Amino acid sequence: MSEDTIFALATGTLPCAVAIVRISGPDAAAAVSGLLSGQGLPPARRASLRTLRIDGGELLDEALILVFPAPNSFTGEDVIELQVTGSVALVAKLLKELARVPDCRMAAPGEFARRAFLNGRIDLTEAEGLAALIDAETEAQRTQAMMAANGTLRARAEQWRGELLSIRADLEAVLDFGEAEDDVGETVVGEVAQRIDALREDMGKVVARSESARRIRRGVDIAIIGSPNAGKSSLVNMLSQSDAAIVSEIAGTTRDVIEVPLDIGGYRATLIDTAGLRETSDEIEAEGVRRARQRAANADIRIHLLLPEEHAPGGSDIIVRSKADVDDGLPKDSIHVSAVTGQGLDALLDDITARISGCVNKGDLMTVSARQASELASTEAELVLAQSTADPVLSAEHLRKAAEALGVLTGHVTSEDVLGQIFSRFCIGK
């Protein structure tokens, strides 16, 4: 429990209909009681209306008050929430009055969540999941973040840690009694190797899915390629429902890579409009073509836009033919679209969504951050070393280091620098 009490606005930008001010710490009750003019705090977890006054006189506002006594609160400390009118001036005055209370101060970014971690209410994986949930912009990001925030990775990590401790106990028993019972020692060592294999396999599945988890977080790159004047910029504008790209009858209008962020089927995606692929003596356009080829090669999904008379290439690209409104005799080897009528847009979006779903593999995607993936990889590396040595003493030491890496993952073992990096990304009031 912390010695000082913190407070902050927990809701969004003012002005708004209702603003919530959150107070946490040992003096939370005293800080709020000074504004109640003897009315008294309401019972725990029961919303009650109270009049807030300054020094018992000047009316500040009428507030809905909720009290969450320790340890059954978000932070694990006494927490009080005040729901007041979302006025800029009113909230500023309320925060100023709270700051007058001894040992009561404005919270730093992420300090409420940090106290929740320090008081054992959440672990680091849940804290990072909470941060990801706050930042989530798409349904897929929300789903992934909720898994972490609800402790899915923590539960798996605790299972792994329990198994590691059990394996270490068996191996250390061999060290104590193996000389007296050689057969028993050989049997236990063989069983330990099998159990480490099973543990590595389970952890490896989670590590392998980290790329899919990363795609959900950063989004999928979708490059639109094709010859000049095939209608790439028009297709970008049609998909984004904006004028993100310049549309012109002049070939070579797009000379650089244009990126447009989108939400497609609940997934974050970046639509990339590239320069028309052709040979040219114009140095600037040639550089645009070079960049277009490079970016298209690195994209997760490519849409190859063809003119009606062009032949479809092989490969895995989504083949789309433009100008469907002026040519009804297009080949059946592609999706037909029209930037004028919108024809084919739904079919194209369905195909893109299916491709994205295949890219991200929405399975058991528990790894939310690069830090977590790194600690899982470190744990697996120590398990490999534990298996590679014939010395049971060294094997037991590597198992200890593997358990330590899992402790860093969940926050059982951590440093001030790591905590600072994680919680400084939170907004004030969370």
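When I say that a helix lies across strands, I mean contact in the sense of heavy atoms within 4.5 Å, and I will use that sense throughout this talk. Please also keep in mind that what we are looking at is a predicted model.

With that in place, let me begin with helix α2, residues 88-99, which lies across β1, β2, β3, β4, β5 and β6 and runs at about 150° to β5. Those six strands form an open sheet, and if you follow the order on the screen you will read β3-β4-β5-β2-β1-β6, with mixed pairing. Strands β3 (48-54) and β6 (104-106) stand at the edges, each with a single partner strand, so one side of each is left without a neighbour in the sheet. From one strand to the next, the twist averages 30°.

Let me now go through some of the pairings, starting with β5, residues 79-86, a strand that is mostly covered, with six of its eight residues buried. On one side, β5 is joined by eight bridges to β2, residues 16-24, and these two strands run antiparallel; here you can find Val 18 opposite Thr 85 in β5. Strand β4, residues 58-68, also pairs with β5 in the antiparallel sense, over five bridges, and in this case Val 67 stands opposite Ile 80. As a reminder for anyone looking at side chains, in a regular strand they alternate between the two faces of the sheet.

Which strand pairs with β6 in the parallel sense? It is β1, residues 5-9, over three bridges, and the bridge partner of Ile 6 in β6 is Arg 105.

A second helix, α3, lies across β1, β2 and β6, running at about 140° to β1. This helix, residues 111-118, is mostly covered, since seven of its eight residues are buried, and the buried ones include Phe 112 and Phe 117 but also the charged residues Glu 111, Arg 114 and Arg 115. Just after α3, Gly 120 takes a positive phi of about 80°.

Finally, let me turn to the interior space, where the structure holds one cavity of 30 Å³ or more, with a volume of about 30 Å³. Its lining is made up of Ala 157, Glu 158, Arg 161, Leu 406, Thr 410 and His 412, and the elements that give two or more residues to that lining are α6 (152-177) and α13 (392-410). The largest share, three residues, comes from α6, while by class the lining has two nonpolar, two polar and two charged residues.

Methods:
Residues numbered from 1 in each chain as written. Predicted model: local features only at pLDDT ≥ 70, side-chain atom pairs only at ≥ 80, totals over all residues. Heavy atoms only, no water. 1 Å grid on protein atoms, 1.4 Å probe; cavity = no way out; pocket = protein on both sides within 12 Å on 5 of 7 lines; lining within 4 Å. Points joined across faces, edges and corners; volume = space filled by probe spheres on them. Helix = DSSP H or I, 4+ residues; strand = E, 2+ residues; numbered from the N terminus. Buried < 20%, exposed > 50% of the residue type's maximum accessible area, 1.4 Å probe, protein only. Pairing = 2+ DSSP bridges. Axes fitted to C-alpha atoms, helices over the stretch in contact; angles between N-to-C directions.
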